[in-house]
Amino acid sequence: MPSYELALILRQMPRPELVSVLKRTADAIFDKGGIIRKLDNLGTRPLPSKISNHGLVHRAGSYFVFKFDTPPATVEDLEEEYGRDVDIIRRRIYKADAAMQEQITCTLHEEMQPPAYRKEVQKMLAVANKKQKKGFQYNSGLDYYPFQK
């Protein structure tokens, strides 16, 4: 099953109601044969602009991200079901990038090296040296242009 991310903005509500909305959202994924891998709470914050949804105007919302696996045929059903929920202001389901799913393994030996000897730092320095601008080159011997240009 492919991995997906569900980005949700829920209306502002007390904590018990928020928990029931999240359970309802998770149950919909489970009912369609999905598996939830992770749930991230990004907090409650003001919306970038006021959003009108289900006859109400919202100015703040609670942001959540579900990471889950489900069959591709069920994604449209989930979108439709979440669209009918009056507590959900915005919802988007994205297919998770395969590169994001790879687990990055680090060894303690690599992390304990001084920064100058780490591979990542050496790569960054090589890129910086390629992009570095050369000094002034009008055969004047100066490293700047003495006249206004």
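**Cores and sheet: a quick chat**

Biologist: This is a predicted model, right, so what's in the largest nonpolar core?
Modeller: Predicted, yes. That core has 19 residues, and Leu 10, Phe 66 and Phe 68 make the most contacts inside it.

Biologist: Which elements each supply at least two residues of this core?
Modeller: Strand 1, helix 1, strand 3, helix 2 and strand 4 each do. Helix 1 gives the largest share, 6 residues.

Biologist: And what does Leu 10 touch?
Modeller: Leaving out residues up to four places away in sequence, Leu 10 touches Leu 18, Val 21, Leu 22, Gly 61, Ser 62, Phe 64, Asp 87, Ile 88 and Ile 89.

Biologist: What about another core, apart from that one?
Modeller: There's one of 5 residues, including Ile 9, Leu 47, Tyr 63 and Ile 89.

Biologist: Switching to the sheet: what order do the strands have?
Modeller: The order is 2-3-1-4, in an open sheet of 4 strands with antiparallel pairing.

Biologist: Why is one side of strand 2 and of strand 4 left without a neighbour in the sheet?
Modeller: Strand 2 (35–53) and strand 4 (88–95) are at the edges, and each has a single partner strand, so one side stays unpaired. From one strand to the next, the twist averages 20 degrees.

Biologist: How many bridges between strand 1 and strand 4?
Modeller: They pair over 7 bridges, antiparallel. Glu 5, for one, has Tyr 94 in strand 4 as its bridge partner.

Biologist: And which strands do the helices touch?
Modeller: Helix 1 (residues 15–31) packs on the sheet against strand 1, strand 2, strand 3 and strand 4, at about 40 degrees to the direction of strand 3. Helix 2 (residues 75–84) touches strand 1, strand 3 and strand 4, and its direction makes about 170 degrees with that of strand 4.

Note on methods
Residues numbered from 1 in each chain as written. Predicted model: local features only at pLDDT ≥ 70, side-chain atom pairs only at ≥ 80, totals over all residues. Heavy atoms only, no water. Pairing = 2+ DSSP bridges. Axes fitted to C-alpha atoms, helices over the stretch in contact; angles between N-to-C directions. Contact = heavy atoms within 4.5 Å. Core = buried A, V, L, I, M, F, W, Y, C linked by side-chain atoms within 4.5 Å. Buried < 20%, exposed > 50% of the residue type's maximum accessible area, 1.4 Å probe, protein only.
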